[in-house]
Amino acid sequence: VDARAREAITFLQQKADLPLAIVAVGLSATIAAKKAQSMLVADIAGLVIIDPVEPASLEFNINLDTMDLRIPVLDIAPGFSPRSDPQLRRNSATRSRHPLYQQRVLPGTGPDFAGMVPAVVRAIRGWGERYFKQPQ
């Protein structure tokens with residue numbers, strides 16, 4: 001997985017000299033948060049986790065793994081039946097004083113975000129403009 005991620009990052013960096021933010025959903029979000037810990041800040045400018053899953057494996061803890069990152073993190077969670085507790089992640093961010101962590105809980109949505117994809121896209125775009133907008 002590490003080699004494939006690094007190859008993808010290199011490929012995208014060759015295509016355009018823009019900040020690279022990873023957007024991941026579910027279990028992929030949990031794995032991305034863990035893998036981002038070992039990557040250079042120059043490789044990844046930001047991370048968007050959408051409704052991450054808390055796997056049974058003890059090596060992953062989404063509540064702690066995202067707090068070790070020193071890059072902007074956007075945490076998007078559904079209002080109903082999230083796969084892991086967004087309040088625990090928010091509390092962890094507050095305790096660790098993670099200045100680049102933001103959370104958006106979309107009220108009225110379930111884990112599939114049915115009908116709310118435009119709201120998710122707007123949240124990601126707004127977050128990206130805040131942290132990565134190029135001066136003109």
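Begin by selecting Ile44, which sits in the loop between H2 and S2, and keep in mind throughout that this is a predicted model. Ile44 counts as buried, at 5% relative accessibility. If you display its surroundings and leave aside neighbours within four places in sequence, the residues in contact with Ile44 are Ile9, Leu20, Ile22, Ala36, Met39 and Ile71. For a distance label, pick the C-alpha atoms of Ile44 and Leu20, which are 5.3 Å apart in space although 24 residues separate them in sequence.

**The nonpolar cores**

Which residues of the largest nonpolar core touch the most other members? Select Ile9, Ile44, Leu47, Ile49, Leu69, Ile71 and Tyr101, which hold that place in a core of 18 residues. Colouring by secondary structure then helps, since helix H2 (27-36) and strand S2 (46-50) each supply at least two residues of this core, and H2 gives the largest share, four residues. In soluble globular proteins, nonpolar side chains tend to be buried together.

From this group, centre the view on Tyr101. Beyond its neighbours within four places in sequence, Tyr101 is in contact with Met67, Val73, Asp75, Arg89, Arg90 and Ala93. A second core, separate from the one just shown and made up of 11 residues, can be selected next; Val48, Leu74, Ala123 and Phe132 are among them.

**The second largest pocket**

Phe132 also leads to the second largest pocket, whose lining consists of Leu12, Gln13, Ala16, Leu18, Pro19, Leu20, Phe132 and Gln134. Leu20, met earlier as a contact of Ile44, is part of this lining too. The space in the pocket comes to about 190 Å³. How many residues of its lining are nonpolar, polar or charged? Colouring the lining by class gives six nonpolar residues and two polar ones, with no charged residue.

**Strand S4 and Gln102**

Now move to strand S4 (residues 101-106), and within that strand select Gln102. Is Gln102 buried or exposed? With a relative accessible area of 10%, Gln102 falls under the 20% limit and is therefore buried. Its side chain is joined to that of Arg104 by a polar contact of 3.0 Å. Not counting residues up to four places away in sequence, Gln102 touches Val73, Leu74, Asp75, Trp127, Arg130 and Tyr131; of these, Val73 and Asp75 are also listed among the contacts of Tyr101, while Leu74 belongs to the second core.

**The loop between S3 and H4**

The next stop is the loop between strand S3 (73-78) and helix H4 (86-96), where Ser84 is found. Ser84 counts as buried at 8% relative accessibility, whereas Ser81, in the loop between S3 and H4 as well, is exposed, with a relative accessible area of 54%. Show the side chains of Ser84 and Arg89 to see a polar contact of 2.6 Å between them. Setting aside residues up to four places away in sequence, Ser84 touches Asp51, Pro52, Glu54, Ile62 and Arg89. A C-alpha to C-alpha label between Ser84 and Ser57 reads 14 Å, for two residues 27 apart in sequence.

**Two positive phi values**

Asp51, one of the residues that Ser84 touches, deserves a separate selection. Asp51 is found in the loop between S2 and helix H3 (62-65) and is buried, with a relative accessible area of 0%. What is the phi of Asp51? The angle is near 45 degrees, a positive value in a residue other than glycine. Ser81, likewise not a glycine, has a positive phi of about 50 degrees. Most residues other than glycine have a negative phi.

**From H2 to H3**

For the last part of the tour, return to helix H2 and select Thr30, a buried residue with a relative accessible area of 0%. Thr30 touches Pro52, Val53, Pro55, Phe60 and Ile62, not counting residues up to four places away in sequence; Pro52 and Ile62 were also met among the residues touched by Ser84. Finish in helix H3 with Leu64, which is partly exposed, with a relative accessible area of 48%. The C-alpha atoms of Leu64 and Lys34 lie 9.4 Å apart in space, and the two residues are 30 apart in sequence.

Definitions and conventions: Residues are numbered from 1 along each chain as its sequence is written. This is a predicted model: local features need pLDDT of at least 70, side-chain atom pairs count only at pLDDT 80 or more; totals for chains, interfaces and linings use all residues. Side-chain values use heavy atoms; hydrogens and water are left out. On a 1 Å grid over the protein atoms alone, a cavity is a set of points where a 1.4 Å probe fits but cannot get out, and a pocket is an open set with protein on both sides within 12 Å along at least five of seven lines; lining residues have an atom within 4 Å of a point. Grid points are joined across faces, edges and corners, and a volume is the space filled by probe spheres set on the points. Ala, Val, Leu, Ile, Met, Phe, Trp, Tyr, Cys and Pro count as nonpolar, Asp, Glu, Lys and Arg as charged, and the others, Gly among them, as polar. Buried means under 20% relative accessible area, exposed over 50%, partly exposed in between (1.4 Å probe, protein chains only). A polar contact is a pair of N or O atoms within 3.5 Å; within protein, one must be able to donate a hydrogen and the other to accept it, and residues adjacent in sequence count only if both atoms are side-chain atoms. Contact means heavy atoms within 4.5 Å. A nonpolar core is a set of buried Ala, Val, Leu, Ile, Met, Phe, Trp, Tyr and Cys residues joined through side-chain atoms within 4.5 Å.
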